[in-house]
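Please open the model in your viewer and keep the selection tool at hand. The stops below can be followed in order, each beginning with something to select.

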Amino acid sequence: TVLTRGNIERIIAWHNTLLHDEQGNITGTLSASEDITERKQAERDLQRNEFRMQSLVNILQYRTDTVQDFLDHALQEALSLTGSKIGYIYSYDEDAEQFTLNCCSSDVMQQCTIAEKQMTYELDKTGIWGEVVRRRQPVVINDFQGPHPLKRGYPEGHIRLYKFMTVPVFNGNRIVAVVGVANKASDYDQQDVLGMTLLMDSAWKAVESRRVEAELLRLATAVEQAKETVMIMTVDGGIQYVNRAVEQMSGKSREEIIGTNLLVKEQFHEQRMCVWEKIIAGETWTGTITEQNKAGVRYALEITITPVHDEQGAITSIVSIGRDVTREQQLEEQLLHAQKMEALGTLAGGIAHDFNNILGGMMGFVEILKEEVPPDSTALEYLEQVLGLGDRAADLVRQILTFSRKTAGKRKPVQMSLVIKE
């Protein structure tokens with residue numbers, strides 16, 4: 001390596017050849033030089049590209065059950081790729097303008113002696129490391145100890161920085177994270193910026209993909225285990241998906257259900273045109289239908305059928321969510337029956353009250369008539385029979401009135417022989 005007059009390093013390759021006379025004695029040396037700076041740089045670039053590709057492969061092939069572990073691994077790859085000693089990853093909320101620490105290298109935690117370590121930072125309270133968001137582009141400082149107008153210093157106990165590089169991570173036009181590395185042995189250059197940008201963009205896409213997969217898994221698990229029936233259909237009524245509740249209520253396996261058409265089912269046939277036209281028009285339909293399971297047992301479902309639209313507003317599928325209301329209908333029928341019995345009791349009570357008044361008058365006249373009949377008359381025996389029947393009628397009226405008042409009746413012994421004889 002030589003320095004030019006402009007103090008620029010150049011790599012020179014020397015080719016030396018010994019010169020001999022006719023007797024084979026060495027008479028001199030022929031030396032030729034070749035500037036191989038560009039070739040060496042190309043070799044280094046190729047090596048760094050290979051290293052960068054290997055880092056990408058390592059990221060994409062890394063298997064873990066948690067996003068946190070994946071981000072920890074991504075940061076280690078970034079440190080290795082750039083030759084840095086320390087680093088961090090912060091997620092960023094553009095709406096709140098707030099950074100939240102995701103992970104940092106183990107050396108940071110060991111060397112940093114700040115008493116109260118922060119996990120979140122407001123953008124307006126950050127110094128030079130927040131410029132990556134304010135400028136929306138990478139920031140590289142190869143002389144961090146030197147003066148800089150945007151530096152605000154760092155708290156006592158913070159790890160000492162010498163060289164620093166940070167890049168933003170975008171999701172569309174929004175910054176979703178920032179990654180920073182520091183204290184590389186040599187200066188950070190554009191290759192470092194490019195390499196870490198590509199690495200972290202790929203890593204964050206993988207993180208988002210894992211998060212989406214986790215959310216879909218949670219949703220699928222919730223739908224599958226829900227007590228309500230969930231059915232997804234095509235716009236033509238073809239059944240594409242049913243959850244476990246549909247299998248349990250219908251008594252059929254999903255293999256038997258998927259592929260059939262809801263519109264040709266007999267119990268839906270009469271309503272299908274008006275209902276389906278509303279749904280295809282974009283409306284939601286709610287109603288109660290009666291189904292019959294595989295064993296022939298009928299059950300009632302309160303269902304809501306809703307069209308599902310894509311981003312352009314076109315209906316792509318139909319989702320039906322149903323709730324078993326068989327027990328509710330049974331309870332409602334029992335309530336109606338009880339209300340009818342209550343009304344009947346009220347009516348019977350009114351009639352019994354009027355009848356009791358009439359019966360009282362009749363009994364009174366019979367008592368008066370007894371006083372007018374001679375003691376040895378046969379008519380007196382008949383009048384006694386009338387009074388006995390009147391007492392029985394009065395007791396029946398009391399029973400009806402007790403029933404109509406909804407009060408607890410009095411328990412008393414009953415001679416069954418008399419009831420049977422009657």
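Begin this tour of a predicted model by selecting Ile-89, Val-169, Val-179, Met-196, Met-200 and Trp-204, which are the residues with the most contacts inside the largest nonpolar core, a set of 25 residues. Next, colour helix H2 (67-82), strand S9 (164-171), strand S10 (174-182) and helix H5 (190-225), since these are the elements that give two or more residues to this core. H5 provides the largest share, eight residues. As a general background to such a cluster, nonpolar side chains in soluble globular proteins tend to be buried together.

Stay with this core and centre the view on Met-196. Leaving out residues up to four places away in sequence, Met-196 touches Ala-78, Leu-81, Thr-82, Met-165, Val-167, Val-179 and Val-181. Apart from the largest core lies another one, of 20 residues, and to find it you can select Tyr-88, Val-133, Val-139 and Leu-161, which are among its members.

**The sheet and the helices across it**

Now switch to a ribbon view and select the six strands that form an open sheet, following them in the order S7-S6-S5-S10-S9-S8, with antiparallel pairing. At the edges you will find strand S7 (120-122) and S8, each of which pairs on one side only. Looking along the sheet, neighbouring strands are turned against each other by 20° on average, with direction ignored.

Zoom in on the S8 edge, where three bridges join S8 to S9 and the two strands run antiparallel. Selecting Val-139 here leads to its bridge partner in S9, which is Thr-166. Val-139 is also one of the residues of the 20-residue core.

Bring the helices back into the picture. Which strands does H2 lie across? They are strand S5 (86-93), strand S6 (98-104), S9 and S10, and H2 runs at about 80° to S6. H5, in turn, lies across S5, S6, S8, S9 and S10, and runs at about 40° to S9.

**From helix H4 to the S8 edge**

Select Glu-131, which lies in helix H4. Is Glu-131 buried or exposed? Its relative accessibility is 10%, and because the cut-off for buried is under 20%, Glu-131 counts as buried. Setting aside neighbours within four places in sequence, Glu-131 is in contact with Arg-136, Val-139 and Leu-150, so selecting these three residues shows its surroundings.

Of these contacts, Arg-136 deserves a separate look: it lies in the loop between helix H4 (131-134) and strand S8 (139-141). Its phi is near 60°, a positive value in a residue other than glycine. Arg-136 is partly exposed, with a relative accessible area of 37%.

For a second residue with positive phi, go to Asn-183, whose phi is about 65° although it is not a glycine. Asn-183 sits in the loop between S10 and H5. Here the relative accessibility is 11%, so Asn-183 counts as buried.

**Zooming out**

Finally, display the whole protein, whose secondary structure comes to twelve helices and 15 strands. Of its 422 residues, 32% count as buried. The accessible surface comes to about 27700 Å², and 54% of that area belongs to carbon and sulfur atoms. Among contacts between residues at least 6 apart in sequence, 47% join residues at least 24 apart.

Definitions and conventions: Residues numbered from 1 in each chain as written. Predicted model: local features only at pLDDT ≥ 70, side-chain atom pairs only at ≥ 80, totals over all residues. Heavy atoms only, no water. Core = buried A, V, L, I, M, F, W, Y, C linked by side-chain atoms within 4.5 Å. Buried < 20%, exposed > 50% of the residue type's maximum accessible area, 1.4 Å probe, protein only. Helix = DSSP H or I, 4+ residues; strand = E, 2+ residues; numbered from the N terminus. Contact = heavy atoms within 4.5 Å. Pairing = 2+ DSSP bridges. Axes fitted to C-alpha atoms, helices over the stretch in contact; angles between N-to-C directions. Areas by Shrake-Rupley, 256 points an atom, 1.4 Å probe, with all protein chains shown as cover.
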